Amino acid sequence: MPIQHPSFGALPEDRIIIFDTTLRDGEQSPGFSMNLQEKLRMAEALAELGVDVIEAGFPIASPGDFESVRLIAENIRGPVIAGLARAARADILRAAEAVAPAERRRIHTFISTSALHMKHKLRMEPDEVLAAVTDSVSLARQHTDDVEWSAEDGSRTDRDFLCRCVEAAIKAGATTINIPDTVGYAVPADMHAIFAMLRERVPGADGVIFSTHNHNDLGLAVANTLAAVAAGVRQIECTINGIGERAGNASLEEVVMAIRTRHDAIGCTTGVVTPNILKTSKLLAAITGFDVQPNKAIVGRNAFAHESGIHQDGVLKNAATYEIMTPESVGWSRSSLVMGKHSGRAAFRDKLRALGYGEVGDNQLNDAFRRFKDLADRKKVVYDEDIAALVDDEVLRGHNRIRFVALDVHAGSRGPARAELELEIDGTAKQASATGDGPVDATFNALRKIFPHEAVLRLFSVGAVTEGTDAQARVTVRLEEDGKMVDGQGADTDTIVASARAYVHALNKLLVKRARTAPEDIATAMRA
Ligand code: KIV
Ligand code: ZN
């Protein structure tokens, strides 16, 4: 008998709910923080990807977290919007307020249930935890019908106690029961056994959706997730590119494609629009500055590249010889040579639509088109990846107060490098020149002259968007100020220009962070 879920109604028994926590578990890991616009952009992409639930953040964690969950709840239609809350009144009320504007909303409340966590972290007795489960779920139910309860460190929890907690959560009104492998310790047989036991022993288990949330400390997150599905779990918690605490979470693209490709073995389906997977993965990489490794399943640059002659020969004769799914099914295009310098604005707009950027605003389109023309003049071949890098660059910079305008650099083996830089700050053009130990140093010194600040450069990394000496460079710059860390990205065929763009991007993010904690400081910084 299908379960009647408050948000999804009667789902077919083989339908898996995809709960994406890129913006919560993923975003809270070091180096992956995103600003408000970036989170909204990511949430739009997740909605287009067809995920069922977006966990948009942890509203009590900071005013910025609250604001982003609220903004996503106001703007994103389609997926259920969830906010995380500990088993505490203030947390639950804050989460309820943040998700209130959503079309369909969920409060996700959790408490640790393992002996280790209860004793050393919570300093609570098991009976107190049990009472907190009932109280937190009951309070959450006063604000929405869709309540998820999680047993933090569930996989290391005494099984009898876990059954009592799950029973209490169901009685109090939870509609989804999530058992996380919080520390990535479980093996697939553990996850299978836990869910089989809960479904068999807990009264009311047949009226709720069971969910699994696996961390990847032993590289088993996807395997544990699929073992849970085999035991009847119908909600999977996962993230794009597998980002998340420590070694990350189960990767969305891997679990979804395993379910699709091995339907014969798993027997389930999802609502994910799989051709949108790659662009969502790339958007996340562009926002956070962390590319996936080349051999990453599904979205890595080598995932569909056949190097050996024997494999290439086989694929040319029949792709199925070495490909278990088509590259197109996850968004890779076989012919990536696309546009040249004679292509017009209409062709460019068509291309953007084909790449899934149909919603780019006119100003961003004009800026991206200007940069495309400039790129096509300098680069022999413009690939889809080049265009995506340009557009992501423009979209991410849409609301920024500092804008890159121009850069001239003199560098080489004779004498110090010199940079002349022009920026626009709140619409006013400002120039400076500076010398430095190499062209990047000179450029960053000029930037500091135009916009003095105390932030320290913590990371500078350069990668190539495509291959060849005329490839665009993608640069990541990490800045730290008062313990706050931000990453900025820039792309250009000129590595120094990409570096300047990345620095400007990071600085803009820093201003947003500063403004959240000390609104008066931003005015002083902007007057500088
Ligand atoms: O890993 C974990 O236990 C979590 C919970 C808050 C669901 O992220
Ligand atoms: Zn987690």
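Which residues of α8 are buried? In this predicted model, the buried residues of that helix are Met191, Ile194, Phe195, Met197 and Leu198. Seen down the axis of α8, these buried residues fall within an arc of 160 degrees, so they line one face of the helix. The points below look at this helix and then at the zinc site.

**Helix α8**

- Helix α8 runs over residues 188–201, and because its 14 residues at 1.5 Å a residue should span 20 Å, the 20 Å between its end C-alpha atoms agrees with what is expected.
- An α-helix has 3.6 residues a turn, so residues three or four places apart point the same way.
- On the other side of α8 from the buried residues, Ala189 and Glu200 are exposed.
- The buried residues of α8 pack against two helices, α7 (159–172) and α9 (221–230), and also against two strands, β8 (176–181) and β9 (209–214).

**The zinc site**

- The zinc ion (ligand 2) has as its protein donors Asp25, through OD, together with His213 and His215, each through NE2, and these donors lie 2.0 to 2.2 Å from the ion.
- Along the chain, the donors of the zinc ion (ligand 2) follow the spacing D-x187-H-x1-H.
- Distant parts of the chain are linked in this way, since Asp25 belongs to helix α1 (residues 22–26) while His215 sits in the loop between β9 and α9, 190 residues apart.
- Asp25 counts as buried because its relative accessible area is 2%, which is under the 20% cut-off, and His215 is likewise buried, with a relative accessible area of 4%.

Terms used:
Residues are numbered from 1 along each chain as its sequence is written. Chains are lettered from A and ligands numbered from 1 in the order in which they are written. This is a predicted model: local features need pLDDT of at least 70, side-chain atom pairs count only at pLDDT 80 or more; totals for chains, interfaces and linings use all residues. Side-chain values use heavy atoms; hydrogens and water are left out. Helices (H or I, at least four residues) and strands (E, at least two) are DSSP runs, numbered from the N terminus. The expected span of a helix is 1.5 Å times one less than its number of residues. Buried means under 20% relative accessible area, exposed over 50%, partly exposed in between (1.4 Å probe, protein chains only). The arc is that of the directions from the helix axis to the C-beta atoms. Contact means heavy atoms within 4.5 Å. Donors are N, O and S atoms within 2.8 Å of the metal (3.2 Å for Na, K and Ca); water is not among the atoms, so sites may look incomplete.
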